[in-house]
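Visitor: Could you walk me through this model and explain the labels people put on its residues?

Guide: Gladly; let us look together and reason from the values.

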Amino acid sequence: MTDTSTSSMTDVVAADVRAVWHPYTQHAIMPTPLEVVRAEGAYLHTHDGRRIFDGISSWWVTTHGHCHPTIAAAIAQQAATLDQAIFTTFTHEPAARLADELLAVVPDGLSRVFFSDDGSTAVEAAVKMALQYHANRGFARRTIVALENAYHGDTFGAMSVSARSVFTDPFASYLFHVIRLPDPMDGDPVTAFDEAIANHRDDIAAIIIEPMVLGSGGMRMYDASIVHALRTRAAAQDIVFIADEVLTGFGRTGPMFACGHAGVSPDILCLSKGITGGFLPLGATVATDVIFRSFLSDDRRRTLFHGHSYTANPIACAAARASLRLMNAESQAQRDRIHAIHTARMATLACNRVVQRPRVLGTIAAFDLSLGDGYLSPVGPELAAFALAQDVLIRPLGNVVYVLPPYCSTADDLDHVYSVLDQFVSRF
Ligand code: PLP
């Protein structure tokens with residue numbers, strides 16, 4: 001932190017500065033964090049009375065809005081009834097019913113839900129399922145295919161399938177080899193996939209993609225026809241097709257799941273973030289019956305030996321069930337309204353010469369600023385500070401600016417966000 005004198009800080013911030021190590025935070029140069037005391041709808045309220053619009057849904061998790069009373073009530077009720085139970089000996093209503101309810105809304109053909117903790121662990125489980133699926137059937141397929149600029153999480157398997165970047169540099173020599181296809185926003189991953197199949201047909205176990213938008217890689221959006229073409233080719237070669245919908249699931253791109261844009265079903269679907277409406281951590285890896293059945297055997301070595309202490313935590317599952325019930329026509333109308341506002345305002349913003357590649361997908365809007373390049377570009381923190389001073393939370397990915405609001409955001413809320421962005425870009 002730049003200012004380590006604690007005299008002007010609240011007790012909470014002083015304790016934080018003394019004791020906490022924040023994620024993705026360079027403590028030597030970052031400003032002290034703000035103390036948030038409560039949240040409601042699309043707003044975070046700070047200790048000093050500020051009301052800050054959550055323009056990034058608190059790291060893409062908040063769907064309906066903060067502290068939605070329906071989800072809060074479901075959590076309270078569940079917490080008073082069954083807090084936690086080991087998910088091997090036991091099952092329980094929140095998990096079993098949630099699995100059923102998820103299967104009713106995920107793309108066709110998926111039939112088993114494996115619970116974990118977050119997006120990274122949902123991906124870890126998916127990668128392990130795909131590799132062991134082949135191994136259990138007696139095939140030694142070892143290679144995973146992934147996209148350039150992909151991001152799938154921060155654990156080692158998830159890092160391995162993610163693009164090599166400033167996030168992974170210190171660990172590069174520990175990450176497993178992946179066949180990398182071009183980023184679909186700039187290149188042709190389909191032809192590259194064809195070439196990879198021609199060269200490594202019997203060794204490719206799986207392909208993992210973020211359908212329709214590479215999130216952390218820069219909100220890089222691409223056409224549904226590419227998702228469709230990759231899926232078709234994978235199916236023809238018995239290559240497990242993993243759709244990482246940790247960001248895109250639960251309506252973020254318009255339809256319930258981004259695979260819906262392409263009309264495809266994956267072999268494995270990774271879910272997290274919005275699954276609980278943004279209240280509690282929960283991951284789910286949803287697989288087809290074919291994959292599940294490859295693990296059934298008298299030989300216990302064919303078991304999926306993967307799990308986490310809090311697997312299928314009843315309170316998180318209750319939150320997810322309540323959140324699913326809120327994914328109704330009203331939610332769709334909210335998302336459609338955000339999409340329409342994004343589309344109109346990005347068109348205006350794009351008239352500024354520093355705004356490049358404006359793009360919108362469902363509730364996500366993004367553009368590149370020509371003022372910098374890459375994740376460490378200083379223009380990102382500069383814009384974040386400019387917006388925060390006007391009570392808008394946005395967190396550019398380097399020179400990539402995006403708005404990803406909770407679904408309850410109003411036209412007035414978004415008008416303020418876009419006027420802040422207009423002011424910033426018109427300074428150049
Ligand atoms: N997959 C995708 C597409 C993501 O965007 C993220 C996080 O941003 C993850 C996986 C990792 O999720 P988590 O941060 O919950 O581990």
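Guide: Let us begin at the ligand, keeping in mind that this is a predicted model. A polar side-chain atom of Ser-120 sits 2.6 Å from a ligand oxygen atom.

Visitor: What makes the pair formed by Ser-120 and the ligand a polar contact?

Guide: The cut-off for a pair of N or O atoms is 3.5 Å. At 2.6 Å, the Ser-120 pair is within that limit, so it counts as a polar contact. Gly-119 contributes through its backbone: an N or O atom there is 2.9 Å from an oxygen atom of the ligand. On the side of a ligand nitrogen atom, an N or O atom in the Asp-244 side chain is 2.7 Å away. As for cover, the ligand on its own has 390 Å² of accessible area, and the protein covers 84% of it.

Visitor: Which residues surround the ligand?

Guide: Among them are Trp-60, Asp-118, Tyr-151, His-152, Glu-210, Val-246, Leu-247 and Lys-273. By kind, the shell has 4 nonpolar, 4 polar and 4 charged residues.

Visitor: Lys-273 is in that list. Why is Lys-273 called partly exposed?

Guide: Its relative accessible area is 24%. Buried would need under 20% and exposed over 50%, so Lys-273 falls in between and is partly exposed. Lys-273 belongs to the loop between β11 (268–271) and β12 (283–288).

Visitor: What makes the backbone of Lys-273 worth a remark?

Guide: Its phi is near 40 degrees, a positive value in a residue other than glycine. Most residues other than glycine have a negative phi. Trp-59 is another case, with a positive phi near 65 degrees. Trp-59 lies in helix α2 (residues 57–60), and with a relative accessible area of 32% it is partly exposed.

Visitor: Why is His-47 called partly exposed rather than exposed?

Guide: The relative accessible area of His-47 is 47%. Exposed requires over 50%, and 47% does not reach that, so partly exposed is the right label for His-47. You will find His-47 in the loop between β2 (43–46) and β3 (51–54). His-47 and Val-37 are 10 residues apart in sequence, and their C-alpha atoms are 5.7 Å apart in space.

Visitor: How do you know that Met-346 is buried?

Guide: Met-346 has 4% relative accessibility, and buried means under 20%, so Met-346 counts as buried. It is part of helix α12 (residues 329–349). Between the C-alpha atoms of Met-346 and Phe-367 there are 8.3 Å, with 21 residues separating the two along the chain.

Visitor: And why is Val-401 called buried?

Guide: The same test applies here: 1% relative accessibility is under 20%, so Val-401 is buried. Val-401 is in strand β16 (residues 400–403). Leu-369 is 32 residues from Val-401 in sequence, yet 7.2 Å from it in space, C-alpha to C-alpha.

Visitor: Which residues touch the most other members of the largest nonpolar core?

Guide: They are Phe-115, Ile-207, Met-219 and Leu-271, in a core of 65 residues. Helix α8 (residues 224–236) gives the most to this core, with 6 residues.

Visitor: How do you know that the core draws on both domain 1 and domain 2?

Guide: At least three of its residues come from each of domain 1 (34–68 + 328–425) and domain 2 (78–325).

Methods. Residues numbered from 1 in each chain as written. Predicted model: local features only at pLDDT ≥ 70, side-chain atom pairs only at ≥ 80, totals over all residues. Heavy atoms only, no water. Near = heavy atom within 4 Å. Polar contact = N/O pair within 3.5 Å; in protein donor to acceptor, adjacent residues only side chain to side chain. Areas by Shrake-Rupley, 256 points an atom, 1.4 Å probe, with all protein chains shown as cover. Nonpolar A, V, L, I, M, F, W, Y, C, P; charged D, E, K, R; others polar. Core = buried A, V, L, I, M, F, W, Y, C linked by side-chain atoms within 4.5 Å. Buried < 20%, exposed > 50% of the residue type's maximum accessible area, 1.4 Å probe, protein only. Helix = DSSP H or I, 4+ residues; strand = E, 2+ residues; numbered from the N terminus. Domains from an automatic or database assignment.
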